[in-house]
Amino acid sequence: MTASALLQDAIRERTLLGDGAMGTQLMLAGLEQGNCGEEWNLTHPERVLAIQRRYVEAGSECLITNTFGGSRIMLNRHGHAGLAVAINKAGVAIARKAFGAKGGYVLGDIGPFGGLMAPFGEFTEEQVREAFDEQAAALVEGGADAIIVETQTSLEELGIGIEAAKRAGAPCIIGSMAYDVTLDGSTFRTMMGVDPERAAEFMEERGAHIVALNCGTGMEMERALEAVKRYKAVTSLPVMVQPNAGKPRLVNMKIVYDESPEVMVRGVAPLLEAGANIIGACCGSTPDHIRAFRAAMDEYFESRRIANQGAAREG
Ligand SMILES: [Zn+2]
């Protein structure tokens, strides 16, 4: 399969499987906490490629580039601001290579710039805009099929990311919010107080093609399902969902995630039932999680096909 149809059109025909975590996989491959994982696109491309190949082998049809912290503001923390364009282009090339002849959709990743904008923080809106513009342009020039502005908590920053993707000419733009379940457990909103209805309306107004959620706190499969339903209630845009593999816990100075593939996969059929258009997973998930998702999705579609055939014969 080559990605001949635009992603936003392809997913209206058939739900696609995304990938799992990159950060935790980079750690397993030897990246030390606090070091620059995006630089590996240039220094250890084979390690990034190996991770993404495992996702493709597990059944992923969309790969998110290893460019989460690839804006010059984030890279500057490691003294790599000057490598921003090269790191982002390499990120797209590695993901493309990981698909090989099979083909698939490469989603160019733009994560948060990692600070606060004036008047609350030290960065001007202009600096953030320049950083996102540069990153988005490099991802599109590299050949990304879409740009995902992800793990967003404020509409202001999300808006700058979407505008950057538009200016870069991205064929598809995905906005993805990180929600936290409230203390009383009754609902969820982003750290900056944005609820899913407002986020979806904002994304649609700004011209995003897909509304999404990823990461967050307490946003496991059941909450993700709730988010999909709330998105679908206010927008007709396709929905992408990437929950974490449970809550992170610190064990022997290592962060571990509790939800096994067996646990997480139980949430897949309900997400399909609710109409999720791309299903992947975020922090703590592994190729084994994605393999389990693949099996569950294939089984779901096969059972529906048989049910439809039965209905056609009776009708
Ligand atoms: Zn995450």
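This report describes a zinc site and a pocket in a predicted model.

**The zinc site**

Three cysteine sulfur atoms serve as the protein donors of the zinc ion, namely the SG atoms of Cys215, Cys282 and Cys283, and they lie 2.1 to 2.2 Å from the ion. Along the sequence these donor residues follow the spacing C-x66-C-C. Cys215 sits in the loop that runs between strand S8 (210-214) and H10, while Cys282 belongs to the loop between strand S12 (278-279) and helix H13 (287-314), so the pair ties together parts that lie 67 residues apart in sequence. Since residues under 20% relative accessible area count as buried, Cys215 falls in that class with its value of 15%, and Cys282 is likewise buried at 12%.

| Donor residue | Relative accessible area | Class |
|---|---|---|
| Cys215 | 15% | buried |
| Cys282 | 12% | buried |

**The second largest pocket**

Helix H10, which follows the loop holding Cys215, also takes part in the second largest pocket, where it gives the most to the lining with four residues. At least two lining residues each come from H10 (221-234), helix H11 (261-264) and helix H12 (268-273). The space in this pocket amounts to about 210 Å³, and its lining is made up of 13 residues, among which Glu220, Met221, Glu222, Val263 and Gly267 lie nearest the centre. By chemical character, the lining of the second largest pocket comprises six nonpolar, two polar and five charged residues.

Terms used: Residues numbered from 1 in each chain as written. Predicted model: local features only at pLDDT ≥ 70, side-chain atom pairs only at ≥ 80, totals over all residues. Heavy atoms only, no water. 1 Å grid on protein atoms, 1.4 Å probe; cavity = no way out; pocket = protein on both sides within 12 Å on 5 of 7 lines; lining within 4 Å. Points joined across faces, edges and corners; volume = space filled by probe spheres on them. Nonpolar A, V, L, I, M, F, W, Y, C, P; charged D, E, K, R; others polar. Donors = N, O, S within 2.8 Å, 3.2 Å for Na, K, Ca; no water. Buried < 20%, exposed > 50% of the residue type's maximum accessible area, 1.4 Å probe, protein only.
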